[in-house]
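You asked for a colleague's reading of this model before you take it to the bench. The points below are numbered so that each can be checked against the structure shown here.

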Amino acid sequence: MHPHLWYPFTAAKTAPTPLKVKAGQGVWLELDNGQRILDCISSWWVNLHGHSHPAIAAAIAHQAQTLEHVIFAGFSHDPAEQLAEKLVQKLPGDLNRVFFSDNGSTAVEVALKMAYQYWHNQGQARSTFLAFEGAYHGDTFGAMAVGARSLFNAAFDTLMFAVDTVPFPATFQGDETVAEQERQSLAAIATQIDQAPHAYAALILEPLVQGAGGMRMCRPEFVAQVVQCCRERGVLVIFDEVMTGFGRTGDWFACLKAGVQPDLICLSKGLTGGFLPLSVTVATETIYQGFYSDEPQKTLYHGHSYTANPLGCAAALASWDLTTAAEPQFQALAALHHQGLARLRHHKGVTQCRVMGTIAAFNWVTDQPGYLNQWGQWIRQQAIAQGLLLRPLGNVLYVLPPYCITAAELSQVYDGIDKILAQAPD
Ligand code: PMP
């Protein structure tokens, strides 16, 4: 560990020393010691097209020679306008006002502020939110508040605003259990809102897949029912597609797969293909109109120094074209994941194998609780020894590589996992 760095997650004395990375190319990372490691998790679901993609690098280099940065308050530029056009054309319905910020957490923060102030501007004090158990929306205060309480945010418990939560009906518990859980979840949403019809500014949901909560997947039909339930009761819906966006669920966005339109959507991670930190919160025209006024207090006073940074927007435009080209891969990846998981099912501890588009995951039966449990640490270390970057979420192992992974490389990933699980402690 470098003595002058404060690494995230690794401050604990027991944490392994961070591995030093020298270079990245496609799905491969090269460590300082020359070892090559296959990035099976797209560096926390960011690198859609692998590392150092030449097309994105070239777009950034070109933009850097033209306009590297200008404050976005009072100014505009082509890269931001072109990216907004693309987003609005692809997103459903009238999600057509694009607000830029810098990362997933702030995209969520902005969505919460927009939802809250939208009602406030109409003279309604809707001071709480509905969220799902097990959710993760980021590490800023608002994003933490609507996420599940955990080891990661326990220290700030008293500072976080209260939210009401409903169960997330994850699939792979048997059809009947899922149907029952969906009924309970929808009933809980309806009951909570009906008990206090003007209390909730919005419901926030990671549609189709709860990422950090353990790659827990729900059915598209359920997502559609949640939206309908909220809409009938006049509560706004925020989709946090920071993880699910840009093809991860097999469609460009989970909202398209579910056939619904939220009032606000948050996107980041894959947006720039991993090159620069950038995010957007896209709002409907109705929400935007709630701020568009002669009264200064109705304005959304939120802006970052790096808002809509031209380099980030140029990277996003280049990444967009690569995602368009990768679209035919989505189904092929899903099929390869199914084949890969089928090879792991014989292990006694493997349960709940699941695939959603380009995301595959399974649970490992262990009595070791907790997010950073020993099983996970052990898997991570064994994976490195096998030349794989894997990051267990509690007792969940997932495979979420860049779209450019070849069938042979993905097969190699599942071979590696198979070998590791063969030696796994109970
Ligand atoms: N929302 C979701 C669904 C996420 O998965 C994450 C990051 N894991 C975030 C928000 C926060 O994004 P960031 O780390 O860029 O702040």
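1. A residue in strand 4 is a convenient place to begin, with the reminder that the model is predicted. Phe 100 belongs to strand 4, which runs over residues 95-101, and Phe 100 counts as buried because 24 C-beta neighbours lie inside 10 Å, where 20 or more are needed. Setting aside the neighbours within four places in sequence, the contacts of Phe 100 are Phe 72, Ala 80, Leu 278, Val 280, Thr 307 and Ala 308. Gly 303 is 203 residues away from Phe 100 along the chain, and yet the C-alpha atoms of the two are separated by 8.4 Å.

2. The next point concerns the ligand, which is surrounded by 14 residues, the closest being Asn 103, Gly 104, Ser 105, Gly 138 and Val 242. Helix 4, residues 104-120, gives the most to this shell, namely 3 residues. By character, the shell around the ligand is made up of 7 polar, 5 nonpolar and 2 charged residues.

3. On the division of the protein, domain 1 is assembled from residues 21-53 and 326-422, whereas domain 2 covers 57-319. The C-alpha centres of domain 1 and domain 2 are 26 Å apart, and contacts between the domains involve 25 residues of domain 1 and 23 residues of domain 2. On the side of domain 1 that touches domain 2, at least two residues each come from helix 1 (42-45), helix 10 (310-342), strand 13 (350-356), strand 14 and strand 16. Helix 10 supplies the largest share of that side, 5 residues. The residues on that side of domain 1 divide into 13 nonpolar, 10 polar and 2 charged.

4. Helix 7 deserves a separate look: this helix comprises the 13 residues 220-232 and reaches 19 Å from its first C-alpha to its last, close to the 18 Å expected at 1.5 Å a residue. Which residues of helix 7 are buried? They are Phe 222, Val 223, Val 226, Val 227 and Cys 230, and because they cover an arc of only 140 degrees around the axis, they are on the same side of helix 7. As background, an α-helix has 3.6 residues a turn, so residues three or four places apart point the same way. The buried residues of helix 7 pack against helix 6 (175-195), strand 7 (200-205), strand 10 (236-240) and helix 8 (254-258), while the face turned away from the buried side carries the exposed residues Glu 221 and Glu 232. Just after helix 7 comes Gly 234, which has a positive phi of about 70 degrees.

5. Helix 11 can be read in a similar manner. Helix 11, residues 374-386, has 13 residues and reaches 18 Å between its first and last C-alpha, close to the 18 Å expected at 1.5 Å a residue. Its buried residues are Trp 375, Gly 376, Ile 379 and Ala 383, and they lie on the same side of helix 11 because the arc they cover around the axis is only 95 degrees. Gln 374 and Ala 385, on the other side of helix 11, are exposed. Among the elements covering the buried residues of helix 11 are strand 14 (359-364), strand 15 (388-389), strand 16 (396-399) and helix 12 (407-422). Gly 387 follows helix 11, and the phi of Gly 387 is positive, near 85 degrees.

Notes. Residues are numbered from 1 along each chain as its sequence is written. This is a predicted model: local features need pLDDT of at least 70, side-chain atom pairs count only at pLDDT 80 or more; totals for chains, interfaces and linings use all residues. Helices (H or I, at least four residues) and strands (E, at least two) are DSSP runs, numbered from the N terminus. The expected span of a helix is 1.5 Å times one less than its number of residues. A residue is buried if 20 or more other C-beta atoms lie within 10 Å of its own, exposed if 12 or fewer, and partly exposed in between; C-beta atoms are placed from the backbone. The arc is that of the directions from the helix axis to the C-beta atoms. Two residues are in contact if their C-beta atoms, placed from the backbone, lie within 7 Å. A residue is near a molecule or strand if its C-beta atom, placed from the backbone, lies within 6 Å of it. Ala, Val, Leu, Ile, Met, Phe, Trp, Tyr, Cys and Pro count as nonpolar, Asp, Glu, Lys and Arg as charged, and the others, Gly among them, as polar. Domain bounds come from an automatic or database domain assignment.
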